[in-house]
Amino acid sequence: MEQRVRTRVIAIANQKGGVGKTTTAVNIATALAALRHEVLVIDLDPQGNASTGLGIERTDRAASSYRLLSIENEPIPAPKPTAIPHLSVLPSEIGLAGAELELVDVPRREFRLRRALAPVRAWGRYRYIFVDCPPSLGLLTLNALAAADSVLVPLQCEFFALEGVSSLT
C-alpha cells in the first residue's frame, strides 16, 4: 500500500523587495526536487519572476495562481512541469495584480489560497509547496501566510531589510 506524504506549505515572504525571495524559492525547490521530492512552486508575485526562472513563457500562463484566488471552489489549475524532474510550478500572470482589489469585499478573503490548497494537500502528491510572495503585506501575502505551515523570511543584513521583517510580526 502506498503511503501518502504530508505536504508542507512554505511561504517565502518579506515586504521589502530585492532580498532574494524568488531566488530562495527557486533554489530550495530545485534542490529538494534533485533529492527526488515532489515539489510545487506557486508564484504569487504578479511580476512572475519565479515562473520565468523555472522556464515558463509569459504566453503559457493562462492557468495561473490568479485562478486560485479569484474563482472560489474551482479546482486548482494543473501545475506546469518544469525541465527539472519532480518540480512543477503554478505560474503567475499580470492579472494577479488586480486580485487584491477584486477581493476587498469578499468574506474571509485571506483564506482563499488555504481553501484552494486543501485538496492538493489531501491528495498528497507534493512533499513541499513553496509560495513565492510579492514584496508587500497585501492580500496576496496574507493568503500565503494563512495557507503556510511555515515562513522563510530572506533578508539582507542591512537596516531597511530588518525594518521590513519587523512589519511581518
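**View 1. The fold as a whole.** Helices (H or I, at least four residues) and strands (E, at least two) are DSSP runs, numbered from the N terminus. Residues are numbered from 1 along each chain as its sequence is written. The model is predicted, so local features need pLDDT of at least 70 and side-chain atom pairs pLDDT 80 or more, while totals for chains, interfaces and linings use all residues; side-chain values use heavy atoms, leaving out hydrogens and water. The protein chain has seven helices and six strands, which run in the order β-α-β-α-α-β-β-α-α-β-α-β-α. Of its 169 residues, 44% are buried (under 20% relative accessible area, with over 50% called exposed and partly exposed in between; 1.4 Å probe, protein chains only). Among contacts (heavy atoms within 4.5 Å) between residues at least 6 apart in sequence, 80% join residues at least 24 apart.

**View 2. The largest nonpolar core.** Such a core is a set of buried Ala, Val, Leu, Ile, Met, Phe, Trp, Tyr and Cys residues joined through side-chain atoms within 4.5 Å. This one holds 27 residues, and Ile42, Leu44, Leu113, Ile129 and Val131 touch the most other members. The elements giving two or more residues to the core are β1 (8-12), β2 (39-43), α3 (66-70), α5 (112-123), β5 (128-132) and α6 (139-147). Apart from this core lies another, of 16 residues, including Ala29, Val39, Val89 and Tyr128.

**View 3. Around Leu44.** Take a look at the company Leu44 keeps, leaving aside neighbours within four places in sequence. Its contacts are Ser65, Leu69, Leu96, Leu113, Val131, Asp132, Pro134, Leu140 and Ala144.

**View 4. The two sides of α5.** The buried residues of α5 are Arg112, Leu113, Ala116, Leu117 and Val120. They sit on the same side of α5, because they cover an arc of only 90 degrees around the axis (taken from the directions from the helix axis to the C-beta atoms). These buried residues pack against β1, β2, α3, β5 and α6. Turn to the other side of α5 and you will find Pro119 and Ala122 exposed. Just after α5 comes Gly124, with a positive phi of about 75 degrees.

**View 5. The aromatic pairs.** Rings of Phe, Tyr and Trp (its six-membered ring) pair if their centres lie within 6.5 Å; planes under 30 degrees apart are stacked, over 60 edge-to-face and the rest tilted. The whole structure has two such pairs. Trp123 and Tyr126 are edge-to-face, because their planes stand at 90 degrees, with ring centres 6.3 Å apart. Tyr126 is buried, at a relative accessible area of 1%. Tyr128 and Phe130 are stacked, with 25 degrees between the planes and 6.3 Å centre to centre. Both Tyr128 and Phe130 are buried.
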